[in-house]
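The following exercises are to be worked with the sequence and the coordinates at hand. Each task is followed by a solution in steps.

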Amino acid sequence: MGMNGGTSNLSRLLADSAILNRGTEDELHCYGYQEDKVKKFFFLFLVVVTFGLILLLLYWKPELECYLKKSKCALYKADTVLLEDHFQQKYVCPIKTFNLEEELSEFSDAYNRDESSPENQTDVDDVANLTVQQPDPIICYFDFQHVRYIWSKQLKTYTRLLDLSANTKCGEFHEKYKGLSVLQQAHRRVVYGENSIEVEVKSYWRLLIEEVLNPFYIFQIASIILWSLDSYYYYAACIFLISCISMGVSLYETKRQMITLHNMVSTAATSVMVVREDGTYDNVPVTDLVPGDVIVIPSHGCTMTCDAVLMAGTCIVNESMLTGESVPITKTPLHQCEDEEIYSAEQHKRHTLFSGTKVIQTRYYGQYKVLAVVIRTGFSTAKGELVRAILFPKPLGFKFYQDAMRFIMFLAVVAFFGMCYSIAQYIRLKASPERIILRVLDIITIIVPPALPAAMTVGTVYAQNRLKKKQIYCISPPRINFCGRLNLLCFDKTGTLTEDGLDLGKVIPVKDKSFRHGITDPSQMERGEFLVGMATCHSLTIIDGEISGDPMDVIMFNATKWTLEEPGRDTSKFDTIMPTVVRPATKDTFMPDEDLGDATQYEVGIVRQFTFSSSLKRMSVITRTLGKSNMEVYCKGAVETVCQLCKQDTVPEDIDHVLHQYAVQGFRVIGLACRSLDPKITWHQAQRLSRDKVECDMTFLGLIVMQNKLKRETKPVIKTLLAANLRCVMITGDMITTAICVARNCGMVGTRDRVVIVEAHKPENNEQARIEWELSDMNVDSSPDTSDFDNEETPFLTSSLYDKFSTDFKGYKYYAAKQVTARVPIDEVQTHLAITGKSFAVIEKYFPHLLPRICVQGTIFARMLPDQKCQLIQKQQELGYIVGMCGDGANDCEALKAAHAGISLSEAEASVAAPFTSRVNHIECVVTLIREGRGALVTSFGCFKYMALYSFIQFISVMILYTYGVNLGDMQFLYIDLVITTTIAVLMGYTQSYERLSVRRPEGSLVKASNILSILLQVFCAALFQTAALIYLKSQAWYVEVEPEGGETMKSWESTVIFIASSFQYIVVAFVFSKGPPFRKPIYTNIPYLTSLLLLTAFSACLVMVPWKPFMEFFTLMRLDEKPVIFRGLLLTIVAAHFVVAVMVEYFVTDNQTMKSCMKRCVRCVRPKKSASAYKKIGLELLTADWPPVGQVTYAPTVCDSLDTTSIMLDNIPLADSINR
């Protein structure tokens, strides 16, 4: 065993590669490289031979440095590592070292903690020998995207530097971390670095160098040099000037965005008080904080610069910077009773102060200070991770950009053939070698337009500005194009589809195990456990004289008409300091009617809070009534959760029926319970009680019924999206019955549709895991929130857009709102699946083959935890959906960042919670984003196609002229490239998005048959009519072919006619590709663009019909005024004919549905049909299958069955591979 273990360790040590962060989304393949003297010498030789150009190649592709200058080696010997992520992107990181000379044991546990074993500690010798055969305590590490990786002697590889948020027991925070000495802090700072999240704002000089080295500008510089050598001085000078202006604008925008992001994430440099090892206090800069420091939170509040676990006192925190949720949150200390738990930032977030959040105020007891232990610093914090996601975004993988690069490669191939043709022609004309080289290289600058990348982003820039005017802010502009391709929209419920605030419907107390009559005004109840529970079971606080906290808690507390008092001098009457006191405010209930000892008034102190947890679905408090000898526990939360904590002889037998009746009407129902504690339990003991020991054996008190109304905009928006053939899904943490009701009320589920509840159970009592398929019996007519938006004016976008939202006619529903053009059959009954997070987890584990079908047919996902929301979106993306997620930002951060387009409804102008932040607090922003996304995407397509045609038209012109040994003049090129093309490219994207949503989405690929056919036909038309103009010229009796002088001339009849014909062609194709509805407004709404097209057309026409001599000389044209008017008139006729043919080709051929169908069939004959998205295949199978099996039970496959189902893939999903009974 020992020999095998030693062999294994040796093989790991000698390995030249390793996988870092295995199994996570940050997984990296790491390869070791070290300097190779032979390769380095050969590399220097290449630098000399290529005149340094290879250095430019290394700047663009840094990984080439490893291949050209270094050789592979074992990781422990490497001086450089090559990293490759799962997107096949490669990065080079140099290995660095630092020395640790003393006190190594003080921090060895922090950076050498074994993820799989929290108890595993590393001794001093291990730390001192982290590197092989090195007597000095030298630690090797590298930094990648602000994350540090350190060599681990145990694992024989590099591993991510861990902090106190990983595998630390909760009890350790109390036992081990009492403060660090100055030396300990200094040592840890060497390992962890400074505690700062700085977005570097580069200097203009550095930005200039980086911009100049961009391939786009390198190509521009090479082109300018080429044009200068070819005597195109004016053209080269103008392009140089334009490039400088473009570069200046780019530098300014880049700098401005850097400053904006820097200001958004940076925190002013301040000092913070820390507790030292000997119990003394010391002020240090916040940048010096390290994991393990104990900091003092100031009473006046502060902005957190690190992640820290609260150990003493409470804090009121605003986390809008991270989550977009502006509701203050109460943070409570992590108690020692949780010592056996492993700390988790997500699970214990109610005890964690996150970097970037603002502590509004603190609450402490007596002379004690509010203390917190630093667990993460810098970019390792929650805020740092979000900022890293902005700085280093994952590749979007948008097909449009991939196809654009393929098309550029195709243009390069065309340029190659053009170069061959040019060489042949100039050799025929006996041109000089210098002239041949210049002409051949000039072909590249013509066929591959250097302005193409910039032109493709014009539509996105305009769309981003329009979104900003509508209070929708974007921190990731490339995602705007994704919005144009969305086909699945996920919505949170509370605060997104429904109002944030709740209206208290009634309370239903329980007595003698039966429900009493509902009470609409709780303040009229006689004072008792139910009323006290409503007044105390919350996490409210007073900020600036107003009660603040969770909206539901505020509504519930205000309904009692009690008062809330923060800690004050008179709280000593409770024998100890109390955080919060509540008391009745009415005269009738102010004086006690029960024996409270020496107390003269009725007051209840909140001794301790167990804050609300999404995973536990409940919160509770320990209270003490003034004058009473014992404490009470009050708990509220999800009814099914609270009932499980209660003694069953206190829970009414008909609770499921009563709960169902209210849930199906859309009410939100909360359960309330209480328990009396032993009088012997003191205040200090209450602070150490574990939650599970407190929340048990409770008495069920009753139900709190709250009404959650739909936002006025919700129903029209959902109807608009559904009518536009966009699938809508609800993902909520609320009860499934309530979610179903809201889904019906908002139109997500049709009134005639059926809902099947999917309830999955884990294996228990020797039974297999099973799924029960139950038909929901909900009826939307029973809902109190059935206000029909169909028959009233709605302020959805503009009131003038609505006449009547929908009317029924001959079995079809016609949506008359101008937001959408659709025709949807209403006779067909659809089936929707509803599932809870608990069942989702069971199905994911025991029925993975059914999960794709549930994702495709599921509409309501209830009781979903935050991480389950993220998992669901990722599953949908795996099925081929392009997913948008809209939420309030609080519990939806993970899902918002996972979606292709995450939209946070927040009052903050910008937050790092999601790519998009809408200050308009309703889902109308979703429609706006889709419209702008579609408009931007179509604009990008139009600009790309125009730039492609511009290149081809000029390529055709030059090829024709090279045949005769002539070329276009300097000013002719300048007029075409600068005046015509630049003006068109800039203004084409100014057209606004269309006000309607079409059922059809814009295409996402440039290589679609219709797009390729459109470009090819337009190129053919351009070549045809240029050739026609040339033939017409040669048919004139006065025409004499010019003899090239010195191999080439600029002024000739061939160049004059081709210049005139091509000038109009650039304008024609610009008009043709400027399509309007259904994705953009008509071209006449873009006044600057239309005006520029008309002016360019008029000027070009004047050059032909009114040929003014100075213009002829300026543009190096032959004297057209000396030729017959009929010649010039027929030349314009040829141009007009091209316009008519181009329009007919684009609108009646390539856009014709019949033609598109024919092209698809032809493509299928040439190449196999491309595999459809998985969700489409599953959807087609479900249409013809009797699924789901309503009223039946599906059992998990047995061992034998599972062997057969392990090979099930999404491409071939059988519909009857489970056992239904």
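## Exercise 1: A four-stranded sheet

In this predicted model, Phe142 has Tyr149 of E8 standing opposite.

Task: Determine which strands form the open sheet that contains E8, and in what order.

Solution.
- Step 1. Phe142 belongs to strand E7 (residues 138-144), which pairs with strand E8 (residues 147-152) over four bridges in the antiparallel sense.
- Step 2. Extending the pairing gives an open sheet of four strands, ordered E6-E7-E8-E9, with antiparallel pairing.
- Step 3. Strand E6 (96-99) and strand E9 (157-160) are the edge strands, since each pairs on one side only.
- Step 4. On average, neighbouring strands of this sheet are turned by 40° against each other, direction ignored.

## Exercise 2: The partners of E15

Task: Identify which strands are joined to E15 by bridges, and state how many residues of E15 are buried.

Solution.
- Step 1. Five bridges connect E15 with strand E18 (residues 358-363), and the two run antiparallel. Within E18, Arg363 is the bridge partner of Thr314.
- Step 2. Three bridges connect E15 with strand E16 (residues 329-331), again running antiparallel. Here Ile316 faces Thr330 of E16.
- Step 3. Strand E15 (residues 314-318) is mostly covered, with four of its five residues buried.

## Exercise 3: Two cysteines without a disulfide

Task: Establish how many disulfides the structure holds, and decide whether Cys66 is buried or exposed.

Solution.
- Step 1. A search of the whole structure returns zero disulfides.
- Step 2. For Cys66, the nearest cysteine sulfur is that of Cys93, 9.5 Å away; a disulfide requires two cysteine sulfur atoms within 2.5 Å.
- Step 3. Cys66 counts as buried because its relative accessibility is 0%, the limit for buried being under 20%.
- Step 4. Cys855 is likewise in no disulfide, the nearest cysteine sulfur being that of Cys490 at 9.8 Å. With a relative accessible area of 1%, Cys855 is buried.

## Exercise 4: The second largest pocket

Task: Describe the lining of the second largest pocket and state which element supplies the largest share.

Solution.
- Step 1. The pocket has a volume of about 1200 Å³.
- Step 2. Its lining comprises 40 residues, and Glu640, Ile736, Glu759, Thr836 and Lys838 lie nearest the centre.
- Step 3. Elements that each supply at least two lining residues include helix H23 (655-663), helix H27 (736-746) and strand E34 (754-761).
- Step 4. Helix H22 gives the largest share, six residues.
- Step 5. By class, the lining divides into 17 nonpolar, 11 polar and 12 charged residues.

Notes. Residues numbered from 1 in each chain as written. Predicted model: local features only at pLDDT ≥ 70, side-chain atom pairs only at ≥ 80, totals over all residues. Heavy atoms only, no water. Buried < 20%, exposed > 50% of the residue type's maximum accessible area, 1.4 Å probe, protein only. 1 Å grid on protein atoms, 1.4 Å probe; cavity = no way out; pocket = protein on both sides within 12 Å on 5 of 7 lines; lining within 4 Å. Points joined across faces, edges and corners; volume = space filled by probe spheres on them. Nonpolar A, V, L, I, M, F, W, Y, C, P; charged D, E, K, R; others polar. Pairing = 2+ DSSP bridges. Axes fitted to C-alpha atoms, helices over the stretch in contact; angles between N-to-C directions.
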